[in-house]
Amino acid sequence: MKILVERYAFRRSVFALMTVCLLLQAAVADDWPHWRGPNWNDRSGETGLLTEWPKDGPKQLWVNSASGLGYAGFAVVGEQLFTMGLEDNAEFALCLNATTGTEIWRQPVGTKFENDWGDGPRSTPSVDGDYVYVMTANGTLACLKKNDGQEVWKVQMQDFGGQVPDWGYAESPLVDEDRVVCTPGGPTGTMVALNKLTGEKIWQSPAFSKAKDGVPGEPAKAHYSSMIPIQWNDQRQYVQLTVLAAIGVSPEDGHELWRSDWAGRTAVIPSPIFDDGQVYVTSGYNIGSKLIQLADDNSASEKWFSMAMQNKHGGVILVDKYFYGSSEKAFVCQDRETGKMVWAQRKIGQGATSFADGMFYHVQESDGKVMLFSADKKSASIKGSFTLAPQTERRAKAGRIWVHPVIANGKLYLRDQEMVYCYEIKAQ
């Protein structure tokens with residue numbers, strides 16, 4: 001009898017363990033620690049999310065209406081949400097409780113940036129261990145303690161020869177191993193790597209320029225794209241898209257490993273996408289897109305160039321063999337192999353896009369309409385929508401809703417200037 005009882009108890013324990021494992025597999029939660037999420041591609045690894053929304057959209061959990069002006073995005077780690085804002089004459093880093101929306105701390109980090117399209121910060125904080133790294137629109141890069149916002153160190157992009165771009169510094173700092181890396185631009189050097197604990201300079205790359213008739217041109221100024229790390233040929237690289245070229249550099253000293261020319265203008269914004277030895281870049285303003293093939297010797301060749309995708313901002317997402325994103329007046333599916341347009345959907349207006357659990361999350365810049373849809377090589381199928389409410393009354397006349405949607409730990413985070421919103425998107 002005792003043996004039977006022990007066997008029954010053992011089977012119940014095994015069954016319980018298997019049930020827990022299955023539940024964990026069915027609903028995986030993920031942090032979103034920096035720009036474009038865990039893998040710098042606007043894709044979350046979360047599962048167990050809603051595949052359709054109710055008529056009025058998912059449940060709104062909270063709204064924080066005191067987050068300050070600006071277009072800063074979100075980093076979410078555990079119970080903390082990090083962003084930036086502007087009030088009065090100071091840009092500040094902000095930490096909210098990710099579950100309740102209550103403020104945990106705010107820390108002034110830089111002076112006010114003013115612009116007709118909207119004042120305030122434009123970048124996304126990067127969280128690394130016990131620290132958070134932020135960039136103001138006027139070019140202040142600061143390291144703060146994650147738990148209370150206390151300043152650890154601070155530098156200016158102007159210290160490295162940088163000049164504030166027309167629409168402000170919008171790059172989100174890349175934190176990798178012992179370094180924090182960013183793009184001051186200008187004649188002193190395009191990129192710089194600092195010791196992440198002290199802010200001391202480790203290296204500054206050459207001032208990349210484009211030669212014409214053998215004569216070097218003007219060095220690349222900082223635009224608005226954020227750098228990504230890649231692993232290729234058993235080697236770490238940092239890849240950035242400048243107004244003149246897509247460039248891969250060594251993390252050890254910043255020397256150029258490869259480059260591919262780019263005829264950018266006005267505003268070069270979307271970050272590069274890397275997958276399986278290929279780098280994808282795109283810009284709006286009638287520039288286009290291309291796929292760069294990296295070789296074993298780190299040489300770079302153009303696989304194709306296409307005008308099918310012209311993404312101003314809002315990002316492009318690679319899913320399987322297709323690129324998806326806003327291109328001028330339509331949402332576009334672009335073939336990875338050829339660069340040709342597969343389809344264009346005008347019912348999905350220009351905006352910012354993220355992806356999780358097989359679904360796209362899209363915020364239209366013009367009206368704050370938030371859409372959930374699936375997409376493949378045939379078409380897009382809308383599975384729900386709602387419009388952000390309440391919306392700000394403080395947005396600049398020329399401003400739009402440009403902050404990328406963030407999916408973290410079963411929640412969807414959105415922003416319209418000082419208004420930060422949180423929605424429950426986990427399936428019950």
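How many nonpolar, polar and charged residues are in the lining of the second largest cavity? The legends below give the answer, and the model they describe is predicted.

**View 1. Surroundings of Trp-35 in the predicted model.** Trp-35 sits in the loop that runs between α1 (2-26) and β1 (43-44). Leaving out residues up to four places away in sequence, Trp-35 touches Trp-40, Thr-124, Pro-125, Ser-172, Ser-226, Ser-271 and His-404. With Ser-271, the side chain of Trp-35 makes a polar contact of 2.9 Å. Arg-236 is 201 residues from Trp-35 along the chain, and the C-alpha atoms of the two are 19 Å apart.

**View 2. The second largest cavity, with Trp-35 in its lining.** The space in this cavity is about 50 Å³. Its lining is made up of Trp-32, Trp-35, Arg-36, Asp-42, Gly-73, Phe-74, Thr-124, Val-403, His-404 and Val-406. Sorted by class, this lining has five nonpolar, three polar and two charged residues. Thr-124 and His-404, both in the lining, are also among the residues that Trp-35 touches.

**View 3. The largest cavity and the residues that line it.** This cavity has a volume of about 60 Å³, and the structure holds three cavities of 30 Å³ or more. The lining includes the run Lys-221, Ala-222, His-223, Tyr-224 and Ser-225, together with Gln-240, Leu-241 and Thr-242. Tyr-169, Glu-171 and Thr-183 also line the largest cavity. By class, its lining has four nonpolar, five polar and two charged residues.

Note on methods: Residues are numbered from 1 along each chain as its sequence is written. This is a predicted model: local features need pLDDT of at least 70, side-chain atom pairs count only at pLDDT 80 or more; totals for chains, interfaces and linings use all residues. Side-chain values use heavy atoms; hydrogens and water are left out. Helices (H or I, at least four residues) and strands (E, at least two) are DSSP runs, numbered from the N terminus. Contact means heavy atoms within 4.5 Å. A polar contact is a pair of N or O atoms within 3.5 Å; within protein, one must be able to donate a hydrogen and the other to accept it, and residues adjacent in sequence count only if both atoms are side-chain atoms. On a 1 Å grid over the protein atoms alone, a cavity is a set of points where a 1.4 Å probe fits but cannot get out, and a pocket is an open set with protein on both sides within 12 Å along at least five of seven lines; lining residues have an atom within 4 Å of a point. Grid points are joined across faces, edges and corners, and a volume is the space filled by probe spheres set on the points. Ala, Val, Leu, Ile, Met, Phe, Trp, Tyr, Cys and Pro count as nonpolar, Asp, Glu, Lys and Arg as charged, and the others, Gly among them, as polar.
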